[in-house]
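Please open the model in a viewer and keep the sequence panel visible beside it. The stops below are meant to be selected one after another.

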Amino acid sequence: MAKAATPDFSKYMTEMMASFPMDMSAMTEAFKSQAAVSEKMSKVVLEAAEKSTEISSKWTKDTIAKVGDISSAKDEPADYTKSMTDFASAQAEMAAENMAAFAEIAKKVQMETVELMMAAGKEASEEATAAVKKATADVTTAAKKAATAK
């Protein structure tokens with residue numbers, strides 16, 4: 001039994017895609033824009049991580065220094081209570097200061113992220129508009145050429 005010849009659809013698809021003009025410069029520009037935004041976002045994140053690490057490190061060093069104070073031998077039993085009270089008070093104060101510092105970092109990251117996203121959105125919108133206009137012009141030109149070729 002002989003098999004019927006199957007049409008080669010890959011050939012048809014290749015011919016069809018070749019007949020449509022395709023400008024890859026829009027894709028290249030979009031990739032470059034995305035890479036630039038990613039680089040800026042990385043800088044924001046790394047700067048925030050660095051500042052957060054500095055705060056955490058300082059907080060840890062200060063806490064260790066305070067633990068050294070409470071772990072020393074005291075002459076009177078009441079001095080232990082006072083030492084613990086002072087430690088707890090200092091810890092509460094340090095926690096408030098450091099949490100405020102972390103909040104400032106988070107606020108700065110949020111503001112910079114919003115600014116980057118707004119700029120990227122505006123740029124993407126402009127690029128998309130330009131790409132659509134160019135594609136429309138290319139397709140219109142190709143359609144006119146096809147119509148006059150008949």
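**Stop 1: a nonpolar surface patch**

Select Met13, Met16, Met17 and Phe20: together they form a nonpolar patch on the surface, with about 410 Å² of accessible area. Accessible areas come from the Shrake-Rupley method with a 1.4 Å probe, and for residues only the protein chains shown count as cover. Patches are made of residues with over 30% relative accessible area and no salt bridge; like charges are joined within 9 Å, and nonpolar side chains (Val, Leu, Ile, Met, Phe, Trp, Tyr) within 5 Å. A salt bridge is a side-chain nitrogen of Lys or Arg within 4 Å of a carboxyl oxygen of Asp or Glu.

The model is predicted: local features need pLDDT of at least 70, side-chain atom pairs count only at pLDDT 80 or more, and totals for chains, interfaces and linings use all residues. Residues are numbered from 1 along each chain as its sequence is written, and side-chain values use heavy atoms, with hydrogens and water left out.

Within the patch, centre the view on Met13, which lies in helix α1 (residues 9-19). Helices (H or I, at least four residues) and strands (E, at least two) are DSSP runs, numbered from the N terminus. Met13 counts as partly exposed because its relative accessibility is 45%. Buried means under 20% relative accessible area, exposed over 50%, and partly exposed in between (1.4 Å probe, protein chains only).

**Stop 2: Lys74 in a loop**

Next, select Lys74, in the loop between α2 (25-70) and α3 (77-149). Which side chain of opposite charge is nearest to Lys74? The answer is Asp69, 7.2 Å away; Lys74 is buried yet has no salt bridge. For charge, Lys and Arg count as positive and Asp and Glu as negative, whereas His and the chain ends are not counted.

Now show the side chain of Ser72, with which the side chain of Lys74 makes a polar contact at 2.8 Å. A polar contact is a pair of N or O atoms within 3.5 Å; within protein, one must be able to donate a hydrogen and the other to accept it, and residues adjacent in sequence count only if both atoms are side-chain atoms. Leaving aside neighbours within four places in sequence, Lys74 is in contact (heavy atoms within 4.5 Å) with Asp69, Asp79, Tyr80 and Ser83.

**Stop 3: salt bridges along the helices**

Side chains of opposite charge can pair when their charged atoms come close. The structure holds seven salt bridges.

Begin with Glu39 and Lys43, whose closest N and O atoms are 3.9 Å apart in a salt bridge. These two residues are separated by about one helical turn because they are four residues apart in helix α2. Glu39 counts as partly exposed at 47% relative accessibility, while Lys43 is exposed, with a relative accessible area of 55%.

Move along to Asp62 and Lys58, which both lie in helix α2, four residues apart, about one turn of the helix. In their salt bridge the closest N and O atoms are 2.9 Å apart. Asp62 is partly exposed, with a relative accessible area of 27%; Lys58, at 52%, is exposed.

Then select Asp86 and Lys82 in helix α3, again four residues apart, about one turn of the helix. Asp86 forms a salt bridge with Lys82, with 2.9 Å between the closest N and O atoms. Asp86 is partly exposed, with a relative accessible area of 39%. Elsewhere, salt bridges that share partners join Glu47, Lys51, Lys108 and Glu112 into one network.

**Stop 4: three positions in helix α3**

From that network, pick Glu112, which is placed in helix α3 and counts as partly exposed at 23% relative accessibility. Glu112 and Phe87 are 25 residues apart in sequence and 37 Å apart in space, C-alpha to C-alpha.

Val109 also has its place in helix α3. Not counting residues up to four places away in sequence, Val109 touches Val44 and Ala48. Val109 and Ala48 are 61 residues apart in sequence, and 6.9 Å separates them in space, C-alpha to C-alpha.

Finish at Ala124, found in helix α3 and partly exposed at 42% relative accessibility. Measure from Ala124 to Glu29: they are 95 residues apart in sequence and 9.8 Å apart in space, C-alpha to C-alpha.
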